[in-house]
Amino acid sequence: MAEFDFTATLQAINDQVPPALQHPRVGIICGSGLSGLATSLRDTVFVSYDSIPGFAKSTVAGHKSSLAFGLMGTGDGVPVVAMLGRFHPYEGHKLSSVVYPVRVMAKMGVKDIFITNAAGALNPSLAVGTIVVVQDHIALPNLTGMNPLLGPQTDPSHPRFLPLSDSYSRRLRKLVFHAAHSLSLPRDALAEGTYAWVSGPTYETPAEGRLLRAAGADVVGMSTVPEVLAAREEGMDVLVLSLVTNAVVIPGGYKSVREEVEAEIAGKPIVGVVDETISHEEVLAVGSLKGDVMKSLVEKVADLLHPV
Ligand code: ADE
């Protein structure tokens, strides 16, 4: 952690943010295509990552690279800091850099962190556009030595062995369903599920998708879990919302080539051949199409946190 100097980081931020916004209560991390969440803020002040010592550079298309400070919700509003663009291990960032902004949020006073992401559906009942309220995760990288909490502790008061059985705040998850009710969202706009973290940058093979599904995951993505671990270590309550941008496990699976050839030879119609690939452009397109639902939901949750 010696490479990170919280004092210098906070000084650079506070030099650019008015005192009334320097102690946000809520932190938000905007996933791919979801940076539009920043338009929910009032009195917004942007602080570019380039100007913050210790912050890495986000290199992913569709990710902006700044913190947005502002007020969210009705009445006086809740002071919020939003990350427009996050850091991923697949960009070459160290896990300690990926989670540093979360630790900085904790130092600024953030109590509740809302983490959004774009994810692929492993559960065939999840349609593209569904928002999944994450209730648990499976992180193969964490189980095999890629864990942001490995190594010397950043703060001796943190638990060395962090329990993760209650990582996804029940209070915040319930607020999302109350918010959806107030917004009259259709029941199938939201689902609950388990998020599988993979390192990326490759998307899963069909067999890997089936493996994760068999292990109990509903959605899969390349982010979020490192930030969840750091947030929990820092004592924050965590809400994760995954926007389903594509299907990973295709119902019916893929057709045997032998059967396809046999059908060709017999002059029979070929049915059930699935020929789909996923692209980052598709992920961004669904993000911009459904980003508004995510935005109203997050705004409403902020309102419910802070009744007028
Ligand atoms: N993000 C969006 N879709 C994804 C997928 N299928 N796998 C991993 N990350 C994703």
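A residue counts as buried when its relative accessible area is under 20%. Gly85 meets that cut-off, because its relative accessible area is 0%. The model is predicted. Its ligand is 96% buried by the protein, and a search of the whole structure finds 9 salt bridges. The points below cover the ligand site, strand pairing, the salt bridges, loop residues, helix 7 and a surface patch.

**Ligand site**
- The shell around the ligand has 13 residues, and Gly120, Glu204, Gly221, Asn246 and Val248 come nearest.
- A polar side-chain atom of Asn246 sits 2.7 Å from a nitrogen atom of the ligand.
- Gly120 uses the backbone: one of its polar backbone atoms is 3.3 Å from a ligand nitrogen.
- Ala118 also approaches through the backbone, with an N or O atom 3.4 Å from a nitrogen atom of the ligand.
- Taken alone, the ligand exposes 260 Å², and the protein buries 96% of that area.
- Strand 5 (112–121), strand 8 (219–221) and strand 9 each give two or more residues to the shell.
- Strand 5 supplies the largest share of the shell, 3 residues.
- Asn246 has a protein partner too: its side chain makes a polar contact of 2.8 Å with the side chain of Thr245.
- Thr245 belongs to strand 9.
- Thr245 is classed as buried because its relative accessible area is 1%.

**Strand 6 and its partners**
- Strand 6 spans residues 131–139 and is mostly covered, with 7 of its 9 residues buried.
- Strand 7 (residues 190–197) runs parallel to strand 6, and 8 bridges join the two.
- Strand 9 (residues 237–247) pairs with strand 6 in the antiparallel sense over 3 bridges.
- Which residues stand opposite Val132? In strand 7 the residue is Ala191, and in strand 9 the bridge partner is Ser242.
- In a regular strand, side chains alternate between the two faces of the sheet.

**Salt bridges**
- Side chains of opposite charge can pair when their charged atoms come close.
- Arg25 and Asp112 meet in a salt bridge, with an N to O distance of 2.6 Å.
- That pair links distant parts of the chain, 87 residues apart: Arg25 lies in the loop between helix 1 (6–14) and strand 1 (26–30), and Asp112 in strand 5.
- Asp112 also forms a salt bridge with Arg171, and the closest N and O atoms are 2.6 Å apart.
- Arg171 lies in helix 4 (residues 170–182) and Asp112 in strand 5, so this pair ties together parts that are 59 residues apart in sequence.
- Asp112 counts as buried because its relative accessibility is 2%.
- Arg25 is partly exposed at 28% relative accessibility, and Arg171 is partly exposed at 38%.
- Asp237 and Arg232 form a salt bridge at 3.8 Å, N to O.
- Asp237 is partly exposed, with a relative accessible area of 28%, while Arg232 is buried at 16%.
- Shared partners join Arg25, Asp112, Asp166, Arg171, Arg232 and Asp237 into one network of salt bridges.

**Loop between strand 4 and helix 2**
- Gly85 is found in this loop, between strand 4 (78–84) and helix 2 (95–108).
- Gly85 and Gly33 are 52 residues apart along the chain, and their C-alpha atoms are separated by 9.3 Å.
- His93 lies in the loop between strand 4 and helix 2.
- Is His93 buried or exposed? His93 counts as buried because its relative accessibility is 16%.
- The C-alpha atoms of His93 and Glu259 are separated by 45 Å, with their positions 166 residues apart along the chain.

**Helix 7**
- At the start of helix 7 (residues 257–265), a side-chain oxygen of Ser256 comes within 3.2 Å of the backbone nitrogen of Arg258.
- Just after helix 7, Gly267 adopts a positive phi of about 70°.

**Surface patch**
- Leu140, Leu143 and Leu211 form a nonpolar patch on the surface, and together they have about 320 Å² of accessible area.
- Leu211 is found in helix 5 (residues 206–214).
- Leu211 counts as exposed because its relative accessibility is 52%.

Notes: Residues numbered from 1 in each chain as written. Predicted model: local features only at pLDDT ≥ 70, side-chain atom pairs only at ≥ 80, totals over all residues. Heavy atoms only, no water. Patch = residues over 30% accessible without salt bridge, like charges linked within 9 Å, V, L, I, M, F, W, Y side chains within 5 Å. Areas by Shrake-Rupley, 256 points an atom, 1.4 Å probe, with all protein chains shown as cover. Salt bridge = Lys/Arg side-chain N within 4 Å of Asp/Glu carboxyl O. Helix = DSSP H or I, 4+ residues; strand = E, 2+ residues; numbered from the N terminus. Buried < 20%, exposed > 50% of the residue type's maximum accessible area, 1.4 Å probe, protein only. Pairing = 2+ DSSP bridges. Near = heavy atom within 4 Å. Polar contact = N/O pair within 3.5 Å; in protein donor to acceptor, adjacent residues only side chain to side chain.
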